[in-house]
Amino acid sequence: MNVIDLSRTPLREVNSRLQKLPNDTNERLWKLINVHGEHACAVGLTKPIEVQIDGHIGYYCGGMNQEATIVVNGQCGVGLAENIMSGEVRVKGNASAAAGATGQGGLIVIEGDAGTRCGISMKGVDIVVGGSVGAMSAFMAQAGSLVVCGDAGANLGDSLYEARIYVQGKVESLGADCVEKKMTPHHLAKLERLLKRAGINGDPSKFKRFGSARKLYNFHVDNVDAY
Amino acid sequence: MCGIVGLFVKNPALQSKLGAHLETMLIGMSERGPDSAGIAVYHSPVAQGRSKLTLFNADDAYPWRKLAGDLGAGLSVETDVSQKGNHALLTAEASESKVIEWLHANRPDVRIMGYGKLMEVYKDMGLPGEVAKKYGLQKMSGTHAIGHTRMATESAVTTEHSHPFTPAPDMCLVHNGSLSNHNNLRKWLRKQGQTFDTDNDSEVAARYFAYRLSEGASLNEALEAGLTDLDGFFTFTMGTKDGFAVVRDGIACKPAVLAENDDWVAMASEFRSLAYLPNIEKAKIWEPAPATVYTWSLH
């Protein structure tokens, strides 16, 4: 394993080194220590390597990730794995606001809680949260799945396009155009697979499914007075 | 953009390190605010019957000793003054209102940065680390302290518009965000007898909370009322003589992180500022929820 001490090596150098690894690299396991809440750590990785980050990390950790597996042994700041394309980003602690924002693919696992707007504008990423999510999660979500083993804050799924939301605990309130939907065997199987893949304990039979009522897709003439 | 930090010490054994820790926290917010910085530190209370004021004049050679002498003669009281950069720390054997009245009448060129029995306030231009060094933050002991770093985006870099705002004795407020109903609130507060030093929206918030507290509200009640009456974006951190508070608006888009253990409570705009606090690895760390009031008290 390659260990990089961020109190000695500048972050840009670390990111650059990880980004420039050749396709056939043998250096597949990395550990970053003394990270002290740095922003934009381990971003833009495109190779199937594993990066372990020891300690709490700042904003945009694992952003734009492709192929790599990133594990944060701590908490993380705003915008975890924003615009993730593929691969996996896992946080052992809590994540701050806008985790997985605009994510297009791959898997994000937050073992603790996530803050507000988790999965905002997600476009295909799967997000599994072991704890609860804050207000306005899955805001304007377009595709992918958000699995919440705990509770969801106010206005869940506001202005949802598509995307599937599964919540095991309580939902404080649903946002505009987000409705509860029937849990079909197809969705149950998908949820089971997601929980298993994320290694998160949850009882699929206790989850409720939420999705878009698809009423905001088009302008409705009955609403003309509102404008 | 700006950065906020606050530290509230629960374990008296750590009081001697208050300034040193706040300095590290403040430096952590350099990128969020490289233009100017301000600090309010609660330490060294003055004796009963005395008051303590932090004063400012841009001239490094301002005759502070003469001011103290004149004030002493004018009010027939004992005074003491020490200069720190372009600030001066004045203590007098008189109530703060008497001292302020005298200063307004006789030294209109001096700005009062903060007053009370224990709070000291310093604001200056430059990188947070330079400001902390200039005012000797590292050596300051005490129970709690609040800091602010500013990146000016919409108005000039002046000490006048810098945080913390200090609307009442031993009370200070720092704000990250912007208020949209500050003009109406200012009008309303003026009717309630509040006076304003600047056109700044954050000063309106500070005076709003000062007004609520002066009407008998608890710190908690004042902040709860603010959630209804203040419209806009805010993460506030507030200090009173024995209290420390954090509150964010209902949308909570201005960042904030809280951390707490048995020894201290710390607040910062970003985790970077908390990363070097003692035993941070084992502290409880969380993001303050929207529209939720968090308060701590020394008693």
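Let's start inside the protein. The structure holds one cavity of 30 Å³ or more. Keep in mind that this is a predicted model. The largest cavity encloses about 30 Å³ of space.

Who lines that cavity? Six names to find on your screen: His21(B), Thr24(B), Met25(B), Ser273(B), Tyr276(B) and Leu277(B). By class, the lining of the largest cavity splits into three nonpolar and three polar residues. No charged residue is in that lining.

Now the open space. How much space lies in the largest pocket? About 790 Å³. The largest pocket is lined by 49 residues. Closest to its centre are Ala95(A), Ser96(A), Ala97(A), Gly115(A) and Glu287(B). Note the chain letters there: A and B both appear. The pocket lining counts 25 nonpolar, 13 polar and eleven charged residues.

On to the interface. On the chain B side, 16 residues are in contact with chain A. On the chain A side, twelve residues are in contact with chain B. Together the two chains bury about 1,100 Å². Carbon and sulfur atoms make up 54% of that buried area.

What about the side of chain B that touches chain A? Its residues divide into ten nonpolar, one polar and five charged.

Next, the pairings. How many salt bridges are there between chain B and chain A? The count is zero. Polar contacts do turn up: six residue pairs across the interface of chain B and chain A, with both residues at pLDDT 80 or more.

That's the tour: cavity, pocket, interface. Over to you.

Notes:
Residues are numbered from 1 along each chain as its sequence is written. Chains are lettered from A and ligands numbered from 1 in the order in which they are written. This is a predicted model: local features need pLDDT of at least 70, side-chain atom pairs count only at pLDDT 80 or more; totals for chains, interfaces and linings use all residues. Side-chain values use heavy atoms; hydrogens and water are left out. Contact means heavy atoms within 4.5 Å. Buried area is the accessible area (1.4 Å probe) that two parts lose on being put together, summed over both. A salt bridge is a side-chain nitrogen of Lys or Arg within 4 Å of a carboxyl oxygen of Asp or Glu. A polar contact is a pair of N or O atoms within 3.5 Å; within protein, one must be able to donate a hydrogen and the other to accept it, and residues adjacent in sequence count only if both atoms are side-chain atoms. Ala, Val, Leu, Ile, Met, Phe, Trp, Tyr, Cys and Pro count as nonpolar, Asp, Glu, Lys and Arg as charged, and the others, Gly among them, as polar. On a 1 Å grid over the protein atoms alone, a cavity is a set of points where a 1.4 Å probe fits but cannot get out, and a pocket is an open set with protein on both sides within 12 Å along at least five of seven lines; lining residues have an atom within 4 Å of a point. Grid points are joined across faces, edges and corners, and a volume is the space filled by probe spheres set on the points.
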